[in-house]
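Here is a short set of exercises to work through with the model open beside you. Try each task first, then read the solution.

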Amino acid sequence: MEFGRDEAIVIVDHTPPEFKSIRLKRSIRGGRWETELTWQTDDLTTALLIPRKIGSDLPLQPIRVNHLSRDHTLPLFDLLGEGTYELRLKAINMAGMSSEMSIEATTSDRPISPNTYLELPSHLIQFHPADGFTDADKDGIPEIWGMRESEKGYGEIIAFEVNAEGVPSKIRRTEVKAYPWWVGDVDRDGIPDILLNEGDVTFLMEGGHRIFESDDTWGGTVADTDGDGDLELLLKEERYNQIQIYECRGDNTFIKIASLNNPSAGYNSIKEISVGRMDGDEMTDILFLDEDCDLAFYESRGDNRYALRWVERMADGSPAFMTSGDLNGDSRDEVLIGVLKSGGRDKLTYPLYLMSLEIRDIGPRLLEEIEVEGAISISNSARIVDLNGDGRGEVILTTYRDVYALNGDLDPIWHLEGVGRNRRILALDLDGDGNTEFGLNLKDGFRFFSRGQDASLTLKPWGLKAAPLDEERVMLSWKGEEDWKSFRVYRAEDGGEFHKVATVASRAFIDRGLNSDHIYRYGVTTVFGGWESEMSDTVEVRPAPPPELVSCSPLPPSRVRLEFSVEMGESVGRTSSYELRDITVAGGVKSPFVPSSALLITRRRVLLTFPGDPLRPGHSYVLSISGISSKAGSPMEEVTVEFDIPASAQRFTDLDSLRVYPNPVSLERGAPRVIFDHLPLGTRISIYASDGSLVVRLPPAGMEGTVRWNLLNSSSNLVSSGVYIYVARYKGKRRTGKLAVVGR
């Protein structure tokens, strides 16, 4: 008899990992501006970052990256603080082989001011403006056209004048319902023309009548593309994915003069059009961006002729917008593209990548790139406009909840929350002072903003926070302009008047000698000599004791339950606040385990879940906890707790030995509770009322084999007297019983 033989070939890779890329990524997250180090390797790796602060001889602690991945990101300021560093990065694969690379990085904690641009006292309904404005009655006051916000398709087209303060007047409503693209005077007859589209029909209206109409098109823009003084309509044609160009010949006559094809492969429906002088010559350039993020560049040759110069894929992702303008003052238009990519911090949002480009005859050149966190698939828009008259354009950028102003290097200079839906940002000089104002939708309506001229407003501190340290001290922190070094702290007690507490040179202050029986309100101002800004937004706080760790209960093989002395805040959900180390290993302490989740299961209890089932019988562990605060904001001091997992982790293996006491239990006792004892590890217990409704689910049994019920329901309210049913479940088996609650 012959037996077959199985053979397997095992290939062991003993080559070091290779870096595919390493770079510094600038990111905007809400009101914060930060630098991250990102790198990719060809193999699954961990890493060791060895920093050296340039200009300092003090050694810095190496930073271990224990997450096994090909893609890594580190927030440098959070780890290193402010400064310029030489970073040595060592990537280590699973075979223990390593490779090194070095990079220099400058980090800073850059809060983004909310005071650079100030809201004008305009009060407009939410609407979507057309690009441009008119002055049909020649009174020097601009007329704005747009579509009212509507939850049911297209809204009505409205027009109104706005004065220097952005206040509307002479509001006109029409019966037309369509989306607006552009407004001006195409045929130069003094009557406003507005480019609209409804479905797949684009049309031009003048005096309430359609003077031009095109099927199978979805909007576009208006510009003099061939330099002959006549304006052309550039329309996005859907059937053949082209730009159709129509020239106005006067007397409401339009002639089709060109069709610009999209030669790129793939799904190439045209998304955005931009027109300007971009490549440094005297000819007008036309760019369009399609759904695959392919960018096509056409150049006008005059006399209604256009030449395709190049097509290039700009990014992998979904295009959000494209706009153009002079960002650096060289009299050439740069182009800004926004691309949505996968990999957001939650399931609802995406990172939005901004790329500024220099357009050349041979192709685009990337100037700057940043990432903006928290965008969604709609309501992203941007516009380049010179807001202060210095010849360099600023970028106004909106996502679905934030608006930013960026300078030409894409550094943020202004941030505001509470944004509504924006498809286009309006820009015009409302007061004739040479500075441009801009308008956009906030959640409560359309608002105009201008560059602040009053230093008492633009330089007031912002982001004031107050956190109790204990029953007698409160920690204050705030943000302010980098050049201002002196701040004045004010305090009011129990709704009384504000009084000066201190003048400080930093952006933090500890107020002492307080009383937990009182509520305090704080405000901060910027001071310089005899000058003082307006007060910041105020905050209210009551002194409170700091949290303490009451118990640490291991729940092998992967969980640890923590209980604290007070109600805890959202900070306990940050997994980076916990490190678990196995100290029973040969050769020293293992690399720390970081939990995959940290859940606040009750107001004072947190359940940590670690990947890989690290809690093993017979081993000893150290758990470090740092950077967490109570619900009241009191920070807890860093704490380290040590525990052992017994070699025989299971005292009970079934539910036969279950004991429940006291039964009955009296509500008249000071701290009534029921104990479920002699439980196997992981047993879950549910309490039901006599009518079968669920009262509460208790945490699973730990190593001690005991679960306690404090007679509170799932809403943390004390139950009433009566008969309750308990159900204990373990490995598909269950045991039920009755429990009597008496008294009250």
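Is Cys 293 buried or exposed? Keep in mind as you start that this is a predicted model.

**Exercise 1. Classify Cys 293 by accessibility, then describe its backbone.**

Solution. Start with the accessible area: Cys 293 has a relative value of 0%. The cut-off for buried is under 20%, so Cys 293 counts as buried. Next, find its place in the chain: Cys 293 is in the loop between strand 21 (285–290) and strand 22 (294–302). Finally, look at the backbone, where phi of Cys 293 is near 65°, a positive value in a residue other than glycine. For context, most residues other than glycine have a negative phi.

**Exercise 2. Find another positive phi in a loop, and two cis peptide bonds.**

Solution. Go to the loop between strand 52 (674–677) and strand 53, where His 678 sits. Phi of His 678 is near 60°, again positive in a residue other than glycine.

Now turn to omega. Most peptide bonds are trans. The bond from Pro 556 to Pro 557 is cis, with omega near 10°, and Pro 557 belongs to the loop between strand 43 (549–555) and strand 44 (559–564). The bond from Tyr 661 to Pro 662 is cis too, with omega near -10°. Pro 662 is placed in the loop between strand 50 (659–661) and strand 51 (665–666).

**Exercise 3. Trace the strand pairing around strand 56.**

Solution. Begin with strand 53 (residues 684–688), which pairs with strand 56 (residues 722–730) in the antiparallel sense over 5 bridges. Within this pairing, Ser 686 faces Val 727 of strand 56.

Then move to the partner that follows in the chain. Strand 56 and strand 57 (residues 733–742) run antiparallel and are joined by 9 bridges. Arg 729 has Arg 734 in strand 57 as its bridge partner. How many residues lie between strand 56 and strand 57 in their hairpin? There are 2, and Lys 731 in the turn has a positive phi of about 50°.

**Exercise 4. Classify two aromatic pairs by geometry and burial.**

Solution. A pair of aromatic rings is described by the distance of the centres and the angle of the planes. The model has 17 aromatic pairs. In one of them, Tyr 621 and Phe 643 lie 5.7 Å centre to centre with 25° between the planes, and this pair is stacked. The pair links distant parts of the chain, with Tyr 621 in strand 48 (residues 620–625) and Phe 643 in strand 49 (residues 639–644), 22 residues apart. Both rings belong to buried residues: Tyr 621 has a relative accessible area of 0%, and Phe 643 has 8%.

Now take Phe 676 and Tyr 726. Their ring centres are 5.5 Å apart and their planes are at 70°, so this pair is edge-to-face. Here, too, distant parts of the chain are linked: Phe 676 is in strand 52 and Tyr 726 in strand 56, 50 residues apart. Phe 676 is buried at 0% relative accessible area, and Tyr 726 is buried at 9%.

**Exercise 5. Locate a ring cluster and two charges over rings.**

Solution. For the cluster, select Tyr 117, Trp 414, Phe 438 and Phe 449, which ring pairs link together. For the charges, look at Arg 210, which lies over the face of Phe 203 at 3.6 Å from the ring centre. Then check Lys 341, placed over the face of Tyr 353 at 4.4 Å from the ring centre.

Technical notes: Residues numbered from 1 in each chain as written. Predicted model: local features only at pLDDT ≥ 70, side-chain atom pairs only at ≥ 80, totals over all residues. Heavy atoms only, no water. Pairing = 2+ DSSP bridges. Helix = DSSP H or I, 4+ residues; strand = E, 2+ residues; numbered from the N terminus. Buried < 20%, exposed > 50% of the residue type's maximum accessible area, 1.4 Å probe, protein only. Phe/Tyr/Trp six-rings, centres within 6.5 Å; stacked < 30°, edge-to-face > 60°. Lys NZ or Arg CZ within 6 Å of the ring centre and 35° of its normal.
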